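This report describes how helices pack in one protein model. The sequence and structure come first, and the description follows.

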Amino acid sequence: MNETKVKVITADPSALGLFGLAIVTLVASSQKLGLTSGVSLVLPWAIFLGASAQLMACIHDFKHNNTFGATAFGAYAFFWYAMGFTWLIQNGVFGETLAASVDGKQLGFAFLGYLIFTIFMTIGAMETHKVLFTIFVLIDFLFIGLAFSSFGIMEHGMHQLAAYAELAIAIVSFYGCGAAVLNTHFGRVFLPVGKPFGIFKK
């Protein structure tokens, strides 16, 4: 019996994932920086761009056999779903009892877990390209700021660190999205992303 293998070609989903990341961090950082107030209109962007767009990128990266990309986009997609539900709970959507019993330190532990995850993903990003590596380094700083401020450690300074790191993530992610689209579209390096460091993979 002869076996026939069929390869289904799908487009690189990283541009969509990076766009989702760029939009949600831009909107969320505006709130942290005091340029806007509240989370009511951060929520839609968290759910549809931060979460759903990155989840779509995750699913298609699995089809590409890209464990790194699928894990990254999937993990951060569910982070934004969780943050969306967190804001809904805090604002009493699921009842006053649940809102009244919120303990912000639990968020701190979640942020700490994501910091651990992001640190080893940052190591992996060293062998992708320098734009992605830069995004992961900035995400490290974001989670350091979020975790420390949630635990009440240097709260104001750590909040500011998180705010500016998040804005920087948005800027670099927009560039990464543009590079992923235009480099593929033109079939050449239109926007350079930098070569891998070549430390762990020769």
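How do the axes of α6 and α7 cross, and within what distance do they come? The axes of α6 and α7 come within 8 Å and cross at roughly 155°. That makes α6 roughly antiparallel to α7, a term for angles over 145 degrees. The crossing of this pair, α6 and α7, is left-handed, that is, the near helix is turned anticlockwise from the far one by less than a right angle.

The model is predicted, with local features needing pLDDT of at least 70 and side-chain atom pairs pLDDT 80 or more, while totals for chains, interfaces and linings use all residues. Residues are numbered from 1 along each chain as its sequence is written, and side-chain values use heavy atoms, with hydrogens and water left out. Helices are DSSP runs (H or I, at least four residues), numbered from the N terminus. Axes are lines fitted to C-alpha atoms over the stretch in contact, and angles run from 0 to 180 degrees between N-to-C directions.

Helix α2 (residues 43–63) packs on helix α3 (residues 67–90) at an angle of about 155°, with the axes 7 Å apart. That makes α2 roughly antiparallel to α3. Residues in this contact (heavy atoms within 4.5 Å) include L43, A46 and G50 of α2 and W80, G84 and W87 of α3.

The axes of α3 and α6 come within 14 Å and cross at roughly 35°, and this crossing of α3 and α6 is left-handed. F68, A72, Y76 and F79 of α3 meet L132, F136, I139 and F143 of α6.

The table gives the contacts by class. Ala, Val, Leu, Ile, Met, Phe, Trp, Tyr, Cys and Pro count as nonpolar, Asp, Glu, Lys and Arg as charged, and the others, Gly among them, as polar.

| Helix pair | Nonpolar | Polar | Charged |
|---|---|---|---|
| α2 with α3 | 17 residues | 6 residues | 1 residue |
| α6 with α7 | 17 residues | 6 residues | 2 residues |
| α3 with α6 | 8 residues | no residues | no residues |

The largest nonpolar core has 42 residues, and those with the most contacts inside it are Y76, W80, W87, I135 and F143. Such a core is a set of buried Ala, Val, Leu, Ile, Met, Phe, Trp, Tyr and Cys residues joined through side-chain atoms within 4.5 Å; buried means under 20% relative accessible area (1.4 Å probe, protein chains only). Helix α6 gives the largest share of this core, 11 residues. Leaving aside its neighbours within four places in sequence, W87 is in contact with V39, V42, L43, A46 and W80.

Technical notes: Helix = DSSP H or I, 4+ residues; strand = E, 2+ residues; numbered from the N terminus. Parallel < 35°, antiparallel > 145°, perpendicular 65-115°, else oblique. Buried < 20%, exposed > 50% of the residue type's maximum accessible area, 1.4 Å probe, protein only.
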